[in-house]
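Reader: Hey, got a minute to go through the charge pairs with me? Pull it up and we'll start there.

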Amino acid sequence: MTDRALEEYTALRATIAQRGSVRTCVFVLGLAIWCMVAVAATFISIPLVTILPLVLLAGTFEAVFALHVGVERVGRYLQVFHEDRWEQTAMAFGAPLAGTGSDPLFAVFFGLAAMCNFLPVLLAQPVRIELATIGGAHALFIVRLIVARKVAGRQRAADLERFRKIRDDDQGGPDKVRPTSRP
């Protein structure tokens, strides 16, 4: 491995570690701030106010999702271009036993928070249009959680395939010989 390749590998491994830690911190901090804003919104008997904590919740989720996608993408890059044994082994190992895996997107917690966020709307005795509009916004967020979780579940294999294609195209294909000189 060249010095440059080793430097890149080391930096990308550090990126994975940092973003993984930051993702958890963003989740905890975002949920704590959401909780304070949601409690404050509960004391205001205007159903529309619950949109503010919902936007905070959605923003926190998007930050967590972006960090997760980035970490996974870097991992696949390392797997393909640096033949990283950890990444290869982790993918080959597959899913752990049922019930022992974790949710890197914290989707269940975000879903529960969205449902809790909607409770003040119900307590404020909203009119139908408020119920439909605000309920629709909360439902859209829950749909986003479901879609993001499905996309994240397919990301590793898709990124792995894309990086292999990039590598193979750059090398002239897996079975092709690269020309040694340009005309």
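Author: Here are the salt bridges, and then helix 1.
This is a predicted model, in which local features need pLDDT of at least 70, side-chain atom pairs count only at pLDDT 80 or more, and totals for chains, interfaces and linings use all residues. Residues are numbered from 1 along each chain as its sequence is written, and side-chain values use heavy atoms, with hydrogens and water left out.

Reader: Fine. How many salt bridges does the count come to?

Author: The count is 10 salt bridges, taking a salt bridge as a side-chain nitrogen of Lys or Arg within 4 Å of a carboxyl oxygen of Asp or Glu.

Reader: Which residues are linked in a network?

Author: Salt bridges link Arg 13, Glu 72, Arg 76, Asp 84, Glu 87 and Arg 156 in a network.

Reader: Take Glu 87 and Arg 13, what parts does that pair tie together?

Author: Their side chains meet at 2.8 Å, N to O. Glu 87 is in helix 3 (residues 85–93) and Arg 13 in helix 1 (residues 3–42), so the pair ties together parts 74 residues apart in sequence. Helices here are DSSP runs (H or I, at least four residues), numbered from the N terminus.

Reader: Is Glu 87 buried or exposed?

Author: Glu 87 counts as buried, at 5% relative accessibility, while Arg 13 is partly exposed at 21%. Buried means under 20% relative accessible area, exposed over 50%, and partly exposed in between, with a 1.4 Å probe and protein chains only.

Reader: And Glu 72 with Arg 76, how many residues apart are they?

Author: They sit 4 residues apart in helix 2 (residues 51–81), about one helical turn. Their salt bridge is 3.2 Å, N to O. Glu 72 is buried at 10% relative accessibility, and Arg 76 is buried too, at 1%.

Reader: What about Lys 165 and Asp 169, buried or exposed?

Author: Both are exposed. Lys 165 and Asp 169 have their closest N and O atoms 2.8 Å apart, and they lie 4 residues apart in helix 5 (residues 128–170).

Reader: Switching topic: how many residues has helix 1?

Author: Helix 1 has 40 residues and reaches 57 Å from first C-alpha to last, close to the 58 Å expected. That expected span is 1.5 Å times one less than the number of residues.

Reader: What do the buried residues of helix 1 pack against?

Author: They pack against helix 2, helix 3 and helix 4 (107–123), with contact meaning heavy atoms within 4.5 Å. The buried residues of helix 1 include Phe 27, Leu 31 and Trp 34, along with Gly 20 and Gly 30.

Methods. Helices (H or I, at least four residues) and strands (E, at least two) are DSSP runs, numbered from the N terminus.
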